[in-house]
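Grab a pencil and work through these exercises with the structure open beside you. Try each task yourself before you read its solution.

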Amino acid sequence: MIQTSYAKLKRFFENFYLICVLIFLYAPIAVMMVLSFNSSKSRSQWGGFTLKWYRQMFDSAPIMEALYNTLLIAFLSALIATVLGTAAAIGINSMKKLPRTVFMGVNNIPMLNSDIVTGISLMLMFIAFGISLGFRTILLAHITFNVPYVMLSVLPKLRQTSKYTYEAAMDLGAGPVSAFFKVVFPDILPGVLSGFLMAFTMSLDDFIITHFTRGAGINTLSTLIYSEVRRGIKPSMYALSTLIFVTVLALLLLTNFAPAENGKEPDVSAARARFKKGGYEKWLLTAVSFCIVAGVCYTSWRHLAAARSDELYVYNWGEYIDESVIELFEEETGIHVTYDLFETNEEMYPVIEAGAVLYDAVCPSDYMIQKMAENGLLSEINFNNIPNLDQIDPVYLERSQSFDPQNEYSVPYTWGTVGILYNTKRLAELGIPAPTGWKDLWDERYQGEILMQDSVRDAFMVALKTLGFSMNSTSTEELSAARDLLLAQKPLVQAYVVDQVRDKMLSGEAAVGVIYSGELLYLQEEAESLGLDFTLEYVIPEEGTNIWIDSWVIPYNARNKENAEKWINFLCRPDIARMNFEYITYATPNQGAFELLDEEYQNNHSVFPDVSELATSEVFQYLGTEADDYYSALWKEIKAH
Amino acid sequence: MNKKSTRILAYPYLVWMAGFTVIPLLMICYYGLTDRTGAFTLDNILAVASTEHMKALWLSLSLSLISTLICLLISYPLALILRQHHIGKSSFVVFIFILPMWMNFLLRTMAWQTLLEKNGVINSLLSVLRLPPLAIINTPAAIILGMVYNFLPFMVLPIYNVLAKIDDNVMNAARDLGADNVTTLTKILLPLSIPGIISGITMVFVPALTTFVISNLLGGSKILLIGNVIEQEFTRGSNWNLGAGLSMVLMVFILISMTLIAKYDKNGEGTAF
């Protein structure tokens, strides 16, 4: 009696424990599923049930293409890795000890090395050997990190098989090939299949390696999501994930009622019988071949379709254009646009420098344009091909001279300031008046309520301006003083973020955040449509700030320079510039477009400040590698503190 | 088997490894041992001794050790329970732990942000229950949680695999000879599952040591891990040489893990899947 109640209790605790772990594993997934039905875009506000994200997901060409790429790459890489890995495992099994140890050592490198090292080393090699980054390079990289997983699951199975059965088959008159496929292969099949599954999963889940080895115009789901993390993930991504999850779960439950493959005791005859009978292996094989044929057809068709028309490769910030503008351009000129995104100026630079992908039009920021020009990475724009340049307010061309002295390399696209966004309700709760300058970000009452910019130059700009220095300072004393100031601020900072500041301010996580002026309109509109109980206001700090300008440039190695000029000219057309402004809400330097705007926008001083308000502000300049290194060393000190 | 002819089967992958594992590794070494002008230098390697880098490395080591330990403490009882109950078929268990990985890694980590934030799901639940809020977002604790969450399957599966292979008769024999539950665990199960534990530890420790995404998303970028340093040198600081030099230092830790594996896992039994 005592025994059974003890067993019951034990059983209860075991189940309880199991359920706890499963909750831990599946809680975030449940969150995603709920968010996929949330009609509000915010991660923290429930706006009611909706299915619109599912519709949007199927309508979105980038998502569908990324899904297709992800599945195709996962499939092909897993398949090739399985073949390579299984063959290698068989080969290695009959090697002597020393070569085998060396072989396994090298084999383990991609699995044990950090993803970032694997990704970067592959990228360095592809660039060094002049292999242009794209679908191919992602596939090669995925195969490389997948093979070790296949080998790891095949090798133990191989060791369990008896070599005598193979020899017996040969004695009974089977050739080596048929002996292998009839005797050895069925034995190791469970290992091969689980290796394939593992490789598929790892490929599906990989982000870092793909991030470093991908090229123009190709996204997998991971890289697409990463470009969205900065600006808030679109709920259609959650919808897609939910759909994938449900599909896989359904497949799982189905296959789980199919014959199991328990590797404990390799039962040769049963495994063979199952293979002969045509179990799911055969079905799998058919599916595999179908997918490959379909994939090859699709990619080659796309390749041909692309080759027929005129080409233009554009490299721009994420969410930095109204996508219908691209379609309009394609319609009007018949030029096919391959549109690609970068996250930071620094990430864009090596891609252009190495010529890993040959872009025709790029949209970097001020100081980066200067760096590119100084290092000979830009080609002069032929302004005869850009008659719409007269639409650009001369003020901005003048400002551009601080990084492009002769106005020969760049055409301004957007501009703005960096300032403080604050949550009026939260400030009232804390009893703090609205901030007016950077110095307010050192107010101790803001403990854990500040979101700072996570970029070296912007963070130092805040400190340097507070101290009254130039934000282009290279003086070691001034910079050390700025570092000390930032160190003093760190305990007050909730997080250093780049674009996540939008999401966090919307969900009321922090009271103040350092933000780009262009985000303001989006945030205010979003706050209104969510019906939030607080408002967000923006102030340009009185100490002066960073006036940034993002401009279009043409790299030295552009292959379609005239098309790039057509593109830039098109974007300078007032109606087009207005479309872009209304979509991305970053201030436009285009006078013609400005005149077309609603008065409400024209009078918005946060977005279009008066010149007088910017007297103490500056434009970033490129300070040279030495100063760059010094800045990043100081920034590291702050971060590590 | 005809050894010579089967050995040929390993050659295609040998060539592949030379091209896609060894050469890229040499590229890293080349960058790590040169400066921007291409002249030989050891500065990039020695840079690890600077205060910031040591701090970052130390923090990464301690956080990843803690999360490896937590993973082990969660996984071992779990694997024992799964083994005892013979829950379903072995493939089903594998699937339950692999399945979350089919949801994108970034999305899953973002979801934890949603759960943990000041106004997040957990805190809303706590406030409904009138409990004090949980304030671990942007702290090392949140990073540990993220690491444990993301790498737990890599610990559970290898341990479960070795445990599932232990014959029930071995356990019965131990009992017949008078061993109690604790003795069976320490004298039979633990020693037999060492290969799985070792391979689990490596598979959790290495990615945890080098992660930068988890510390960015859950640590609010306030906490600098060695992975963040390397990532920033490549993507923001654009000093690739320094990034490569630090990666070489990280590889030392990988070498240590590899020798550990070679020592304890002679038969390759401790496989994950």
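Below are six exercises on a predicted model, each with a worked solution.

**Exercise 1. Getting to know the two chains**

Task: Find out how many helices and strands chain A has, and how many chain B has.

Solution:
- Step 1: Start with chain A, where the secondary structure comes to 27 helices and eleven strands.
- Step 2: Move on to chain B, which has 14 helices and zero strands. Reading along its sequence gives the pattern α-α-α-α-α-α-α-α-α-α-α-α-α-α.
- Step 3: Check how much is buried. In chain A, buried residues make up 46% of the 641 residues; in chain B, they make up 50% of the 273 residues.
- Step 4: Look at the contacts along each chain. In chain A, 79% of the contacts between residues at least 6 apart in sequence join residues at least 24 apart. For chain B, residues 24 or more positions apart account for 76% of the contacts with a separation of 6 or more.
- Step 5: Picture the box around chain B: its C-alpha atoms fill roughly 70 × 70 × 30 Å along the principal axes.

**Exercise 2. Splitting chain A into domains**

Task: Work out which residues belong to each domain of chain A, and how many residues of domain 1 are in contact with domain 2.

Solution:
- Step 1: Write down the bounds. Domain 1 covers 53–277, domain 2 covers 308–414 + 550–605, and domain 3 covers 415–547 + 630–640.
- Step 2: Take the centres of domains 1 and 2 of chain A over C-alpha atoms, and you get a separation of 41 Å.
- Step 3: Count the contacts: nine residues of domain 1 of chain A touch twelve residues of domain 2 of chain A. On the domain 1 side, these are three nonpolar, four polar and two charged residues.

**Exercise 3. A three-stranded sheet**

Task: Decide in what order the three strands of the open sheet β2-β1-β3 of chain A should be drawn, and whether the pairing is parallel or antiparallel.

Solution:
- Step 1: Draw the strands of chain A in the order β2-β1-β3, with parallel pairing.
- Step 2: Mark the edges. β2 (335–342) and β3 (361–362) of chain A each have a single partner strand, so one side of each is left without a neighbour in the sheet.
- Step 3: Zoom in on one pair: β1 (residues 310–317) of chain A and β2(A) are joined by eight bridges. Here V314(A) stands opposite Y339(A).

**Exercise 4. A strand covered on both faces**

Task: Determine how many residues of strand β10 (residues 547–552) of chain A are buried.

Solution:
- Step 1: Count along β10(A): six of its six residues are buried.
- Step 2: Recall a rule of thumb: in a regular strand, side chains alternate between the two faces of the sheet.
- Step 3: Sort the residues of β10(A) by face. I547(A), I549(A) and S551(A) are on one side, W548(A), D550(A) and W552(A) are on the other, and both faces are covered.
- Step 4: Find a partner strand. β5 (residues 411–423) of chain A runs antiparallel to β10(A), with six bridges joining them. T414(A) has D550(A) as its bridge partner.

**Exercise 5. Buried or exposed in chain B?**

Task: Decide whether I214(B) is buried or exposed.

Solution:
- Step 1: Locate I214(B) in helix α12 (residues 213–218) of chain B.
- Step 2: Count its neighbours. The cut-off for buried is 20 or more other C-beta atoms within 10 Å. I214(B) has 27 such neighbours, so I214(B) counts as buried.
- Step 3: List its contacts more than four places away in sequence: T109(B), I143(B), G146(B), M147(B) and N150(B). M110(B) is 104 residues from I214(B) along the chain, yet their C-alpha atoms are separated by 9.1 Å.
- Step 4: Now look at helix α9 (residues 168–176) of chain B, where zero of the nine residues are buried. After α9(B) comes G178(B), with a positive phi near 100°.

**Exercise 6. Where the chains meet**

Task: Find how many residues of chain A are in contact with chain B, and at what angle α3(A) and α2(B) pack.

Solution:
- Step 1: Count both sides: 98 residues of chain A are in contact with 90 residues of chain B. Helix α1 (residues 2–36) of chain A gives the most to the chain A side, with twelve residues. That side divides into 59 nonpolar, 24 polar and 15 charged residues.
- Step 2: Read off the helix geometry. α3 (residues 61–93) of chain A and α2 (residues 11–32) of chain B pack at about 115°, with axes 8 Å apart. That makes the two helices, α3(A) and α2(B), roughly perpendicular.
- Step 3: Name the residues that meet: L84(A), G85(A), A87(A) and A88(A) from α3(A), and P12(B), Y13(B) and W16(B) from α2(B). By class, this contact has six nonpolar, one polar and no charged residues.

Terms used
Residues are numbered from 1 along each chain as its sequence is written. Chains are lettered from A and ligands numbered from 1 in the order in which they are written. This is a predicted model: local features need pLDDT of at least 70, side-chain atom pairs count only at pLDDT 80 or more; totals for chains, interfaces and linings use all residues. A residue is buried if 20 or more other C-beta atoms lie within 10 Å of its own, exposed if 12 or fewer, and partly exposed in between; C-beta atoms are placed from the backbone. Helices (H or I, at least four residues) and strands (E, at least two) are DSSP runs, numbered from the N terminus. Two strands pair if DSSP finds at least two bridges between them. Domain bounds come from an automatic or database domain assignment. Two residues are in contact if their C-beta atoms, placed from the backbone, lie within 7 Å. Ala, Val, Leu, Ile, Met, Phe, Trp, Tyr, Cys and Pro count as nonpolar, Asp, Glu, Lys and Arg as charged, and the others, Gly among them, as polar. Axes are lines fitted to C-alpha atoms, for helices over the stretch in contact, and angles run from 0 to 180 degrees between N-to-C directions. Angles under 35 degrees count as roughly parallel, over 145 as roughly antiparallel, 65 to 115 as roughly perpendicular and the rest as oblique.
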